[in-house]
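Please look through the structure shown here, taking one chain at a time before turning to the place where chains meet.

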Amino acid sequence: MTHLSVLCKPRRLPAIRAPLAWPGLPVGVALAFVASVAWAQAGAAVRPGPIEAILRWGPLIFGGFLFNVLTSVLSMTVGTALGAPLGLLLIAPGRLPRGISWAVTQFFRNAPWLVLLFYVMFLLPFELHVGGVTIPLPDWAKAVLGLSLPVAANVAEIVRGALQSIPEPQWSAAAGLAFGRLQTIRLIILPQAIRRMLPPWMNLYAILTMATTLISIVGIQDGLTITRAAISSDARPEMMLPLYLFLLLLFFVYCYPIARATLALERRLLVRG
Amino acid sequence: MGGPIAGLFRWLNDVHGLNFSVFTDAYDAHRFLIGLRTTIGLSLSCMVFSIILGLLGAWLLSGPSRLARAAVRFYVQAFRNTPPLVQLVFFYFAIGSLLSGAREPLIGGYGWAVISFSLLAGAFNVEIFRSGVEAVPPTMVEAAQGLGFSRLQTYRYVLAPLGLRICLPALTNNLVNLVKTTTLAYAIGVPELLYAASQIWSEVLNVREMMYVLLATYIALVAILVWIMERWERALRIPGYTP
């Protein structure tokens, strides 16, 4: 317990994501990608080169990538639905709910995502019997749930942090106006806190999107699985470089704008105070 | 294996059918400990390299060379906005196959895991160190200059010590993430904790028990790391000064 007690203090995070703006970056990434393709093309005079490989496999890989995006949206939805009430419990007045929700949050925040994914994939049955109803649990649903557990714990921390960042006089004023605790949170604290939750929530979504590739390890077909299948079906190891770069580029094109938008939002909040 | 701990787990197995073979079977215990050692070794080497990369990047970002600054920004954004698993697979398979002209691969799975995770965590460390140095109040720098400190001296005696104290919590967070990320090395067959556990559970068929051992081990590793970092943070604290 002495080890775990060190976790009780929530880690303070100063605003470290200060601007690192460079609008030319996407251009640079695209150039690097084109250069690598050209480089591989140069060595492929006889057999079809990397451009053909990307034209042939690109749509399939893109389809797999879309499955990653779908998984991330579903996991984020489930994770937020689970995490928001957990975050409210973290600042509950009672000691017992606070203690339990704290332990749950710390556990899922500090366990590796991949281990949690394994846990859910292996230990949940393939169907659930609730009363007389049988609910099938396909692998992708289990994967969504497995990824949403760490998301929920992180959402809970975001909610707690934002709620606690609202100055104490707001609570006192609400109490003075005879608002109940839940009324205070719903009508006074949350509307102010939600703006502060948005940037870290978006940051978490980008991290989740990148983590969805983990589902390929537990045997679900995603962008990474399809890329590897494409490489092995051609039996052309030199195609690895452009095809993997293509997949990396897909994720970059999706996640980089989210990172930029997060920064922009943060800066706007900073200006308004 | 003897001892009261093995006895307790043997009783759990006999009475409740919970087979914690890592505590009762010497062979499984040995495999698990090798996995634990690999995970700790991997984490420590990545910590060292990623901190070096972070310092180097932060130093280049404050330097005069435009090209170096652009290169560091490209590195940071490229590694922060792409999936760590694809980065690892990319290094291990794509770059690894380019480098292995002979039959023997130049760098093994462990080596590529160190390179890949160090680069990933290093990209975050660049940002952390840079923002730490930038968060030092400019009045401090002016005061140092007023006392006749040179640029290097200002950096050495004022910016670095204060910046380190400011960015320690963020660094702790990143190092915790690094320890959790080492599980990805499973995907390229590095015999770390997750890999060792999966070998045990596929032979002994005790998935549930191994999962609990695995989760408890990682939570303990993270707790120890956080404990050390917080002790360091407390030891560095300057009485009466809040950054």
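The paragraphs below follow a helix, a contact between chains and a single residue.

This is a predicted model, and a good place to begin is helix H4 of chain A, which runs over residues 95–110. Because each residue is expected to add 1.5 Å, the 16 residues of this helix should span 22 Å, and the end C-alpha atoms are indeed 22 Å apart, which agrees. Within H4(A), the buried residues are Ser101(A), Thr105(A), Phe108(A), Arg109(A) and Asn110(A). On chain A, these buried residues pack against helix H3 (50–90), helix H5 (113–123) and helix H6 (139–165), while on chain B they pack against helix H8 (151–181) and helix H10 (207–236).

That last point leads to the contact between the chains, to which chain B gives 48 residues and chain A gives 42 residues. On the side of chain B that touches chain A, the elements giving two or more residues are helix H4 (66–80), helix H5 (84–99), helix H6 (109–134), H8 and H10 of chain B. Of these, H10(B) gives the most, with 14 residues. Sorted by class, this side of chain B has 33 nonpolar, eight polar and seven charged residues.

Back in chain A, is Leu204(A), in helix H8 (residues 181–211), buried or exposed? Leu204(A) counts as buried because 21 other C-beta atoms lie within 10 Å, and the cut-off for a buried residue is 20 or more. Apart from neighbours within four places in sequence, Leu204(A) is in contact with Val151(A), Asn154(A), Val155(A) and Ile158(A). Although Leu204(A) and Val155(A) are 49 residues apart along the chain, their C-alpha atoms are separated by 8.1 Å.

Notes
Residues numbered from 1 in each chain as written. Chains lettered and ligands numbered in written order. Predicted model: local features only at pLDDT ≥ 70, side-chain atom pairs only at ≥ 80, totals over all residues. Helix = DSSP H or I, 4+ residues; strand = E, 2+ residues; numbered from the N terminus. Expected span 1.5 Å × (residues − 1). Buried ≥ 20, exposed ≤ 12 C-beta atoms within 10 Å, placed from the backbone. Contact = placed C-beta atoms within 7 Å. Nonpolar A, V, L, I, M, F, W, Y, C, P; charged D, E, K, R; others polar.
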